[in-house]
Amino acid sequence: MLTRRRLIALSTAQVLAPGLFIHEGRAQSFPDKPVRIIVPVAAGGPTDIVARTLADRLSAIWGQQVFIENKSGAGNNMGIEYVARSNADGYTLLFDPGSIAANTSLYSKLSYDAVADFAPVSLVTLVDYFMFVPNSSPAHSVKEFIEYVKLRPDQLKMGSPGTGSAPYLAEMLFLQMADLKMTHVPYRGAAPAFIDLIPGRIDCYFGSGTLLSYSRSGQVRVVAVTGPKRNPAAPEVPSIGETVPGYEVVSSQALFAPAKTPLDVIGKISTDTNTVLADPAIKSKLAETGYVARGSSPEELENLLKTDIAKWTALAKSANLKLD
């Protein structure tokens with residue numbers, strides 16, 4: 001019952017915090033139109049597949065279309081910059097495959113600031129990378145690969161889904177720790193890279209477990225995983241650290257929005273993303289390809305971003321990796 005005392009209290013609250021009820025209504029009604037998730041790599045690759053899985057589930061929750069738009073190029077900076085300059089209303093989001101932190105460590109000049117221009121929303125997955133070689137390679141293990149490359153310094157090619165991508169940094173760390181020299185060949189995602197890996201036009205590629213389908217079908221060979229231990233998706237595959245002591249790379253995928261996106265909208269997207277990732281069917285589907293479904297609060301993602309920037313900056317300095 002709305003008593004006179006209750007009416008006065010509500011009126012007073014609206015005077016003291018005029019945006020309170022408007023904001024609450026905004027979050028409850030969000031989204032009231034389609035939402036775009038920008039993926040900064042080419043369509044068809046592992047990052048794209050995970051992003052589309054998330055988009056489909058969010059669309060079902062929201063009753064609105066959530067569509068993927070691939071904007072690859074410039075070391076993934078093209079898509080990242082696009083989101084940084086988009087309207088801060090929650091309707092344009094970034095599915096980041098670890099590139100914000102990586103590029104901040106590699107480029108001295110960027111048109112965006114990793115911390116100031118983005119609002120963290122939620123972590124989506126933790127990612128081990130797998131080390132793939134063509135079937136024509138004589139290497140059937142990390143040890144054999146190291147021996148093969150050492151006899152051919154700068155003659156063999158290491159592909160990546162883009163200069164500055166997280167797999168690129170995983171590869172550079174491996175080359176540094178194993179004391180190897182290879183020529184880097186960047187691609188706009190995993191899909192075009194595998195077109196060249198399968199026939200042996202490149203000699204190695206680090207990618208997510210989504211690509212295990214290529215090795216399981218006999219098109220390429222998987223020799224190792226970058227995580228601290230063997231991955232449940234392929235327990236027969238040893239970790240690189242078993243041959244190169246101390247080597248370990250676990251990356252992440254996450255959702256970001258443009259800075260100044262309303263906090264209540266950020267909160268709703270984060271909550272619903274975590275709901276998707278808590279679904280046992282989603283967890284199982286991602287685990288089959290080596291991903292760990294892992295939601296987070298915006299604050300937890302912000303802390304992870306800062307930690308990753310520090311980690312990759314240290315690698316960039318020690319390996320003299322600079323892209324401008």
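In this predicted model, 6 strands come together as an open sheet whose order is β2-β1-β3-β10-β4-β11, and the pairing among them is mixed. The strands β2 (66–70) and β11 (291–293) stand at the edges with a single partner strand each, so one side of each is left without a neighbour in the sheet. Direction ignored, neighbouring strands of this sheet are turned by 30° against each other on average.

**How β3 pairs with its neighbours**
- Strands of a sheet pair through backbone hydrogen bonds, and the pairing can be either parallel or antiparallel.
- Strand β1 (residues 35–39) and strand β3 (residues 92–96) run parallel and are joined by 3 bridges.
- Within this pair, I38 stands opposite L94 of β3, while the bridge partner of I37 in β3 is L93.
- Strands β3 and β10 run antiparallel, and 3 bridges join them as well; here L94 stands opposite F256 in β10.

**The surroundings of β3**
- Because 5 of the 5 residues of β3 are buried, with buried meaning under 20% relative accessible area, this strand is largely enclosed by the rest of the structure.
- In a regular strand the side chains alternate between the two faces of the sheet.
- In β3, T92, L94 and D96 point one way whereas L93 and F95 point the other way, and all of them are buried.

**The helix on the sheet**
- Helix α3 (residues 46–62) packs on the sheet, where it touches β1, β2, β3, β4 (118–128), β10 (250–258) and β11.
- The direction of helix α3 makes about 155° with that of β2.

Technical notes. Residues numbered from 1 in each chain as written. Predicted model: local features only at pLDDT ≥ 70, side-chain atom pairs only at ≥ 80, totals over all residues. Heavy atoms only, no water. Pairing = 2+ DSSP bridges. Helix = DSSP H or I, 4+ residues; strand = E, 2+ residues; numbered from the N terminus. Axes fitted to C-alpha atoms, helices over the stretch in contact; angles between N-to-C directions. Contact = heavy atoms within 4.5 Å. Buried < 20%, exposed > 50% of the residue type's maximum accessible area, 1.4 Å probe, protein only.
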